[in-house]
Amino acid sequence: MKRLKTIAAAVLACATMLSATACSGFKVIDDEDVFFDALDNAVKIDEDETYHIKNSTYDGDKIEYMIAAQDGDNYYIYIRYKKADKAMDRFDDFCQDFQDIKDDSDFTGSNSMSTSKTRGSVIFNGEVESGSALSFVYANQYFYDDSEIYGGVYVNENVYIEVYSLNGSKRDKEKIALFLKEIGFPKP
């Protein structure tokens, strides 16, 4: 019995370490100019082609900065909340939705999810069946048709980021991958 507890503790420690390692693969982007520069450098979206607001509220929560850009089937969202727990709440909502569609076998493809107290990521490349819902910020999505999604949702301290393609072409997915590389975030 003692040996079984030791093995279980070792497995749990390894799982925790792997989860923390996976989350530490990206940095905090606490300056909106980094996001604007990545949009311009990687996917040629200028600042004046984005929706952005400063010191406002979004969905009832105080935010310091928000950037939203759409390029065809691709979406790029940056929200810097005043409080880190608000960013994590939004991320937890997305995680719950994503876990629900996985549990219901409504998602097929590759994905990875990792979370810690202040960081997290959900990375996906697959198909969502019609009748499913995901709480994306820009395109809160109820899927009426089977749809392909490619990209990721990330949180790090008080910053929440969504970068994804919805039914995008091969070129759209390449743009998402290029943008994620530019900001140093893991890609599908």
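Which residues of S9 are buried on one side and which on the other? In this predicted model, where local features need pLDDT of at least 70 and side-chain atom pairs count only at pLDDT 80 or more, totals for chains, interfaces and linings use all residues. Residues are numbered from 1 along each chain as its sequence is written, and side-chain values use heavy atoms, with hydrogens and water left out.

Strand S9 spans residues 159–166, where strands (E, at least two residues) and helices (H or I, at least four residues) are DSSP runs numbered from the N terminus. Val-159, Ile-161, Val-163 and Ser-165 are buried on one side of S9, and Tyr-160, Glu-162, Tyr-164 and Leu-166 are buried on the other, with the result that both faces are covered. Here buried means under 20% relative accessible area, as against over 50% for exposed and the range in between for partly exposed, with a 1.4 Å probe and protein chains only.

S9 pairs with two strands, and pairing requires that DSSP finds at least two bridges between the strands. With strand S3 (residues 74–81), S9 pairs in the antiparallel sense over seven bridges, and among these partners Tyr-78 is matched with Ile-161 of S9. With S8, S9 pairs in the antiparallel sense over eight bridges; the partners include Asn-156 with Val-159 and Gly-151 with Tyr-164. S8 and S9 together form a hairpin with two residues between them, and Glu-157 in the turn has a positive phi of about 60°.

Strand S8 (residues 147–156) is largely enclosed by the rest of the structure, because nine of its ten residues are buried. S8 also pairs with strand S5 (residues 119–128), in the antiparallel sense and over ten bridges, and in this arrangement Ser-121 stands opposite Tyr-154 of S8.

Helix H4 (residues 170–183) has 14 residues and reaches 20 Å from its first C-alpha to its last, close to the 20 Å expected at 1.5 Å a residue, the expected span being 1.5 Å times one less than the number of residues. The buried residues of H4 include Asp-172, Lys-175, Ile-176, Ala-177, Phe-179, Leu-180 and Ile-183. Among the elements that cover the buried residues of H4 are helix H2 (32–43), strand S2 (61–71), S3, S8 and S9, contact being taken as heavy atoms within 4.5 Å. H4 is followed by Gly-184, whose phi is positive, near 75°.
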